[in-house]
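Trainee: I am new to this structure and would like a close look at one part of it. Could you take me through the salt bridges, and then show me what lies around them?

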Amino acid sequence: MKYGPSETEAFLPGPSSKGLFIVNEGNFMYGNASLSYFDTQSGIVENEVFIRANGINLGDVAQSMTIHNGLGYIVVNNSGVIFVIDPGTFRLKGNITGLISPRHIHFVNENKAYVTDLYRERITVIDPVKYTISGSINTPGHRSTEEMVQWKNDLFVSCWSFDNKILVIDTQTDTVTDSIEVGNQPSRMILDKNNKIWCAASGEIYRINPENRTVEKIFTVSDDATYSYLEMNASKDTLYILNRDVWRMAADHETFPSQPFIRNRNSRYYGLAVDPATSHIYIADAIDYVQPGKIYRYDPDGTPVDTLTAGINPGAFCFK
Amino acid sequence: MNMKKNLYIPLVLMLIFLSGCNGGRELFTLPAPEIILEDPDGIYTLKLGNTLTLAPQVRYGQDAVYAWLMDGKTVSTQSVYVFNADQPGTYYLTFKVIRQDITVGKDIRIDVERKAVPAIFFAIPEKGFFIKPDSTLILRPIVENCQSATYLWIINDVEVSRDSIYQFNTTQTGLFNFCFSAQNSEGSDEIRFSVTVSEQAGNEEGNKHPEAPTGKYFRPVQDNSRADWNVIYDYRPAPGQFINESGTGGFSGEKTLQEAILYAGERLKNNLFVSLGAFGGYIVAGFDHSIVNDGGYNLQIEGNAHENSSEPGIVWVMQDSNGNGLPDDGWFELRGSEDPGGKVTRNYSITYFKPRQPGSNVHWIDNNGITGTVDYLGAYHDQESYYPLWIEDEYYTLIGTCLESRNYLSQTGSWISPPYEWGYADNDRQALFRLSDAVTPEGDPIDLEFIDFVKIQTGVNGKSGWLGEISTEITGIRDYNLIK
């Protein structure tokens with residue numbers, strides 16, 4: 001394991017500028033999280049680009065990455081930090097510290113972003129330009145806040161760990177105004193073209209109407225309440241659900257598909273992504289949680305195309 | 001390809017009758033019917049011997065009748081359709097909901113997989129790869145049937161990777177022997193090739209730029225000069241549904257380039273179409289005299305385009321600058337309406353791979369690393385292969401100018417390929433071209449006094465569902481100066 005500044009490498013911003021960041025969690029308490037970059041045109045994967053560009057380690061358990069206004073925000077959970085990088089050169093532009101166990105970041109406007117937390121009854125409000133904490137939103141009774149999705153001025157946030165609620169936050173007043181009960185452990189949320197929120201919880205997928213805050217329909221994905229990954233294509237009319245197999249369902253459809261779209265290849269699937277431009281599908285395989293994980297890339301019609309090696313426990317993706 | 005539209009017309013008429021004739025006009029307040037498939041893209045993959053039950057949900061389908069069309073023919077009028085995967089291949093179904101006031105359709109593609117042994121397609125230069133030390137070689141083979149496949153890269157008997165893509169760079173010079181294999185439960189395939197790392201590598205590359213025409217070897221029009229072309233010099237189509245086909249395509253097992261050229265010539269003499277296949281396929285013709293650039297229209301190139309079935313071909317011209325009577329000088333493109341202003345990619349190249357088994361899709365990879373297939377459409381064109389029989393190489397590359405394809409599936413379920421404004425062969429009924437539109441490879445205008453050779457090349461990379469790939473078809477090549 002490397003500590004402190006070491007030699008750095010210069011990455012030129014790729015000419016195609018189309019690519020995919022793969023956030024590798026690493027192992028808990030090992031400080032071996034890393035960032036990989038896959039250039040979709042050339043097929044080149046560059047691993048460990050964060051330490052190579054900056055000479056410092058990404059830290060412990062990298063959770064998620066979001067690109068906003070030309071900057072990449074990488075949330076490193078167990079290090080309690082958000083690193084801000086230039087997505088072209090991977091160079092560090094700044095960092096936001098003072099967080100306990102940050103999970104995801106959501107941009108409300110140019111000067112305000114929310115950061116969820118695994119071990120705190122509050123959402124942290126940050127200034128994404130000044131890289132400072134500007135406030136917080138108390139979430140009494142909900143220690144774990146996870147994913148966020150915004151509809152008009154309302155932010156919906158899932159309460160994941162040992163919880164079953166989605167909280168509604170007024171982004172103008174930064175206060176919790178309502179909550180919606182769903183199944184256990186709600187995690188991923190996404191907004192479709194019909195302005196419906198889809199949320200994965202306890203082996204089920206919930207379709208929620210954000211206007212009247214009611215659950216419209218529940219689709220059963222698996223009977224054993226296992227975790228589902230949820231993604232959507234660019235036109236927001238098609239859902240992709242990873243739960244052992246990959247399932248694909250039209251957002252307008254009223255029944256869950258009878259057959260999977262891509263069958264499990266006996267892997268420990270650890271992440272899912274759908275290219276917003278081309279609808280290519282990426283599935284992360286953690287293999288044994290110790291060796292570098294694999295990424296399987298599929299055509300929009302589900303034909304496998306590439307198999308790549310990323311870092312340890314590749315769990316989150318971010319398209320450039 | 002468009003010839004199928006002819007079959008389609010009686011069918012449309014039949015559907016109109018099916019939907020009933022109400023003499024008066026009624027006001028319909030219902031929205032158009034919506035068809036919702038379980039699979040949003042309507043693409044299903046099946047193993048041989050399996051069945052697929054399709055039961056689309058229909059909204060606003062009150063009093064509607066249904067029709068299932070397989071490759072354009074009605075196969076059922078029920079709301080549910082059961083497909084049996086008896087033969088491998090790609091099948092196109094259209095589900096139509098016909099209400100008195102409106103008909104809507106949705107395309108469904110069913111891929112029936114054959115026995116899924118992996119097959120590797122990879123363009124390996126004849127003498128292997130040559131690279132300089134410390135440069136990077138990205139090796140990205142196409143693997144067919146790679147569901148649940150595992151990969152293995154071996155260099156000089158040492159395992160180096162289990163990914164599908166391998167990025168090779170070394171500071172060490174010398175010869176490296178590569179082996180790449182793909183394996184799944186059904187079987188395996190492997191390729192072997194060498195990479196030579198040497199300081200001398202890659203120096204011979206240079207962008208061949210056409211020299212400015214000399215204008216020295218002008219051949220004036222004689223009394224017996226003909227407007228029509230007089231020699232076909234080359235015919236190198238991309239793979240396509242009419243290539244090698246004996247029916248509409250008119251092939252009879254041509255196995256050499258000479259035979260293929262004879263075929264193309266005979267077809268054109270009889271005013272029958274010659275298909276250039278998918279992107280980059282071309283034909284080269286010459287005349288018994290030079291064609292003069294008078295600033296107006298000088299060339300007439302006829303295709304088989306009709307309304308909304310543009311399959312644009314780029315026209316190139318060449319002057320016989322060295323006077324040897326052969327098209328070995330420099331090609332200049334005649335620009336069309338998309339240049340400048342539209343999305344035009346010059347030096348776009350596609351490599352097509354010879355299929356391993358009869359009745360297979362043809363895989364391709366372009367110079368951006370994007371892969372795809374020319375689909376095998378067995379229901380219409382059942383020749384063994386769409387890859388030209390006379391091309392013995394395992395792959396070949398076609399380079400040209402690529403326009404953005406405009407085809408789309410209309411609401412009513414038919415494929416539309418609207419024409420470009422001007423300047424492309426097989427685009428619309430306007431089949432005339434000006435030598436004054438000639439441009440350099442940079443797209444700058446160039447003044448050509450006269451030309452001796454013409455090349456027509458398919459100028460889009462696209463496909464239209466069950467109609468298949470977009471391919472330029474040519475029926476005539478003439479000196480328009482002698483006609484006008």
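Mentor: Happy to; we will start with the salt bridges and then turn to a sheet, a surface patch and the cysteines.

A word on the ground rules: this is a predicted model, in which local features need pLDDT of at least 70, side-chain atom pairs count only at pLDDT 80 or more, and totals for chains, interfaces and linings use all residues. Residues are numbered from 1 along each chain as its sequence is written, chains are lettered from A and ligands numbered from 1 in the order in which they are written, and side-chain values use heavy atoms, with hydrogens and water left out.

Side chains of opposite charge can pair when their charged atoms come close. Here a salt bridge means a side-chain nitrogen of Lys or Arg within 4 Å of a carboxyl oxygen of Asp or Glu. Over all chains, the structure holds 34 of them.

Let us begin in chain A, where E231(A) pairs with R188(A), their closest N and O atoms being 3.2 Å apart. E231(A) sits in strand β20 (residues 229-232) and R188(A) in the loop between β15 (175-181) and β16 (189-191), so this salt bridge ties together parts that are 43 residues apart in sequence. Strands are DSSP runs of E with at least two residues, numbered from the N terminus. Both E231(A) and R188(A) are buried; that word means under 20% relative accessible area, while exposed means over 50% and partly exposed is in between (1.4 Å probe, protein chains only).

Next comes a pair that crosses between chains: R140(B) and D306(A) meet at 2.8 Å, N to O. R140(B) belongs to the loop between β12 (137-139) and β13 (142-144) of chain B, and D306(A) to strand β26 (residues 304-312) of chain A. R140(B) is buried at 11% relative accessibility, and D306(A) is buried at 4%.

Within chain B, R406(B) bridges to E338(B), with 3.1 Å between the closest N and O atoms. R406(B) lies in the loop between β28 (395-403) and β29 (408-409) and E338(B) in the loop between β24 (331-334) and β25 (344-353), so the pair ties together parts 68 residues apart in sequence. R406(B) is partly exposed at 34%, whereas E338(B) is buried at 12%.

Back in chain A, salt bridges also link K196(A), R207(A), E216(A), K217(A) and E254(A) in a network.

Now for the sheet. In chain B, six strands form an open antiparallel sheet in the order β19-β21-β33-β23-β24-β32. Its edge strands, β19 (231-236) and β32 (438-439), each pair on one side only; two strands pair if DSSP finds at least two bridges between them. Five bridges join β19(B) to β21 (residues 282-292), and R236(B) stands opposite Y282(B) in β21(B).

On the surface of chain A, M29(A) lies in the loop between β1 (19-24) and β2 (34-39) and is exposed at 61% relative accessibility.

Finally, the cysteines: a disulfide is a pair of cysteine sulfur atoms within 2.5 Å, and a search of the whole structure finds zero over all chains. The sulfur of C159(A) is too far for a bond, because the closest cysteine sulfur, in C199(A), is 10.0 Å away. C159(A) is buried at 0% relative accessibility, and C402(B) is buried at 9%.

Notes
Helix = DSSP H or I, 4+ residues; strand = E, 2+ residues; numbered from the N terminus.
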